[in-house]
Amino acid sequence: MDHLPLHQKDSVRVRIAPSPTGPLHIGTARVALFNYLFARQHQGTFVLRIEDTDPERSSPKWERDIIENLKWLGILWDEGPALNKDYIGPYGPYRQSERKEIYKRYIKKLFDNGFLYWCYCTKEELEAQRQEQISRGEPPRYTGHCRNLTKEEIERYKKEGRKGILRFKVPSKIIRIQDIIRGKLEFDTSLFGDIAVARDFSTPLYNLAVVIDDYEMKINYVIRGEDHLPNTPKQILLQEALGFPRPKYAHLPLILGPDRAKLSKRHGAVSIGDYRKEGYLPEALINFMALLGWNPGTNEEIFSMKDLEKRFSLERVQKSGAVFNRQRLDWMNGYYIRKMPTEQLTEKCIPYLIEDQISKIKDQKYKIKETREIIDFNYLKNIISLFQERLKRLSEIRELSDFFFKEELEYEPDLLLWKNSSYSEIQKNLKKCYKILKNLKETEWQREKIKEVLLKEAEKESDRGKIFWPLRVALTGRKASPPPFEIAEILGKEKTLKRIEEAIRLVS
RNA sequence: GCCGCCAUCGUCUAGUGGCUAGGACGGCAGGCUUUCAAUCUGCCAACGGGAGUUCGAUUCUCCCUGGCGGCGCCA
């Protein structure tokens with residue numbers, strides 16, 4: 001850990017700085033996670049800052065989404081906005097829109113020291129220039145048209161109603177960066193042109209705002225996505241002009257879509273909220289995201305947040321981008337679902353059922369909407385337990401368990417047919433089941449007993465499927481489901497017999 | 001176009017100057033099983049290309065190719 005002197009171990013300060021222009025993106029969440037883990041590892045501080053300098057695109061609604069979902073994931077910050085109340089931290093507000101006084105000081109300082117100038121070019125003029133440069137094969141950049149305007153020219157522009165923007169006089173030099181993940185990097189700033197840094201004295205643009213805030217908040221490690229690599233030398237130039245120390249940089253590989261382009265909306269669900277709604281567990285998402293670009297160097301692959309806090313290291317972060325693989329996420333989510341206590345799983349599944357199968361009456365009591373039966377938590381738990389090893393996403397419980405909440409099942413009579421058996425044979429076997437089950441006492445109505453008595457009958461056949469398949473279909477109306485004994489037990493004797501009768505009628 | 005970054009199975013990845021290049025997801029085949037799932041067993045599957053360095057390169061260097069990112073009065 002040569003980039004981290006021992007005496008600084010307790011002073012690590014990192015941040016995640018999302019802009020509230022959309023819901024929490026999976027890429028942002030992963031960058032947040034890596035920052036969080038790095039901070040935890042070094043007993044450092046993890047800061048959340050809201051980058052809402054663009055009032056056009058920012059919205060409190062998205063800020064709320066970002067905050068709520070970070071909390072849900074368990075990526076908690078030490079300093080930053082609280083969910084429901086205003087909060088001013090030790091380094092000022094954590095929302096850029098509330099930090100104008102701070103920015104003003106520095107922008108004035110830059111201007112007074114001659115680093116900045118007003119540029120009055122219009123967007124159209126800039127665009128025309130850009131096109132021309134591109135057609136000549138030059139890098140599109142601002143070449144300093146307004147750098148040395150006379151007082152008269154400035155007056156004239158102002159009279160024309162031009163508002164102007166503050167640009168930074170970019171010096172020509174080679175910037176060398178030592179990136180923790182990528183090693184030595186070099187940039188030639190003469191290719192940049194003069195960058196726009198502020199709309200006016202109190203509203204900095206991104207590059208300047210970041211530099212000022214990171215300095216003010218004493219951020220010493222900047223861990224962010226690789227897409228920010230080209231911004232880094234620009235920010236360093238600004239730091240140098242302001243006399244700020246340079247933080248250490250670590251640029252993380254990007255999360256890619258199946259086409260290997262940066263993961264974006266067109267690839268499907270990208271917001272944490274979407275995954276949450278579909279029934280992905282935070283543990284699975286965290287584990288999965290951590291392994292996208294990081295690995296422990298061993299064959300282990302199941303990691304809790306606590307494990308990650310112990311094991312994570314920037315040194316083991318990959319350089320190349322990682323394709324987001326939904327199947328692997330599904331597998332991992334299924335793994336965590338199976339590992340979870342059934343009680344807890346039931347609690348998590350109930351909201352999905354409440355959407356259409358059941359309604360909540362009071363604590364622990366629910367009503368099946370279609371049959372109007374009153375059931376309790378335990379009943380639901382019994383149902384959920386049948387699907388625990390079959391679920392990949394919590395939302396699947398709706399579809400999978402549907403037949404428990406129906407008055408009547410709808411299915412094709414042909415579905416009752418096992419292999420090449422005939423209707424009459426199926427009818428005969430269903431009648432046998434009916435008779436056997438009817439003779440069972442209520443006290444004997446439990447899965448082992450049901451299985452025992454039916455198995456005795458099924459053994460007489462050349463193939464157990466001749467008994468079990470039609471019975472299972474009679475109870476579920478499905479070609480795939482848990483075993484009939486367990487379903488019968490939960491359904492109860494009366495409903496079970498009724499469903500068998502119904503099936504018999506179908507094949508008559 | 002310019003600048004930059006990256007390069008091991010389809011995907012996530014381990015790894016080494018000499019190994020049958022390892023694991024996981026997925027796929028395929030099989031066991032268990034009425035079905036599905038879970039689970040177990042097995043199989044398929046990779047070092048982008050060319051030079052160099054070297055006794056020997058997947059590994060080190062260079063070039064090429066390819067992929068990606070960036071080039072806003074967005075962040």
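Which domains does the domain assignment of chain A give? In this predicted model, the assignment lists domain 1 (6-97 + 255-323), domain 2 (99-252), domain 3 (340-405) and domain 4 (413-506). Note that domain 1 is written as two stretches of chain, 6-97 and 255-323. As for spacing, the C-alpha centres of domain 2 and domain 3 sit 56 Å apart.

Next comes the RNA. There are 64 residues around RNA strand B, and E51, Y206, S320, V323 and P483 come nearest to it. Several elements each give two or more residues to this surface: helix 4 (123-135), helix 11 (326-339) and helix 17 (465-476) on the helical side, plus strand 8 (183-188), strand 9 (195-200) and strand 14 (322-323). Sorted by class, the surface near RNA strand B has 27 nonpolar, 20 charged and 17 polar residues.

Now for the inside of the protein. The largest nonpolar core has 76 residues, and A29, L33, I223 and L285 touch the most other members. Helix 1 is the top contributor to this core, giving ten residues. Apart from this core lies another one, of 23 residues, with W418, I426, F468 and L475 among them. Back in the largest core, L33 is worth a closer look: leaving out residues up to four places away in sequence, L33 touches I75, I286, M289 and A290.

Three of those partners, I286, M289 and A290, also turn up among the buried residues of helix 9. Why is helix 9 (residues 282-290) largely enclosed by the rest of the structure? Eight of its nine residues are buried, so the surrounding structure covers most of helix 9. The buried ones are E283, A284, L285, I286, N287, F288, M289 and A290. Their packing partners are helix 1 (26-41), helix 2 (60-73), helix 8 (272-278), helix 10 (305-311) and helix 11.

Finally, there is a glycine to look at. G44 sits in the loop between helix 1 and strand 2 (45-48). Is G44 buried or exposed? It counts as buried because 21 other C-beta atoms lie within 10 Å, and the cut-off for being buried is 20 or more. Not counting residues up to four places away in sequence, G44 touches V12, R13, V14 and A39. G44 and D78 are 34 residues apart along the chain, and their C-alpha atoms are separated by 9.2 Å.

How values were computed. Residues are numbered from 1 along each chain as its sequence is written. Chains are lettered from A and ligands numbered from 1 in the order in which they are written. This is a predicted model: local features need pLDDT of at least 70, side-chain atom pairs count only at pLDDT 80 or more; totals for chains, interfaces and linings use all residues. A residue is near a molecule or strand if its C-beta atom, placed from the backbone, lies within 6 Å of it. Helices (H or I, at least four residues) and strands (E, at least two) are DSSP runs, numbered from the N terminus. Ala, Val, Leu, Ile, Met, Phe, Trp, Tyr, Cys and Pro count as nonpolar, Asp, Glu, Lys and Arg as charged, and the others, Gly among them, as polar. A residue is buried if 20 or more other C-beta atoms lie within 10 Å of its own, exposed if 12 or fewer, and partly exposed in between; C-beta atoms are placed from the backbone. Two residues are in contact if their C-beta atoms, placed from the backbone, lie within 7 Å. A nonpolar core is a set of buried Ala, Val, Leu, Ile, Met, Phe, Trp, Tyr and Cys residues joined through C-beta atoms within 7 Å. Domain bounds come from an automatic or database domain assignment.
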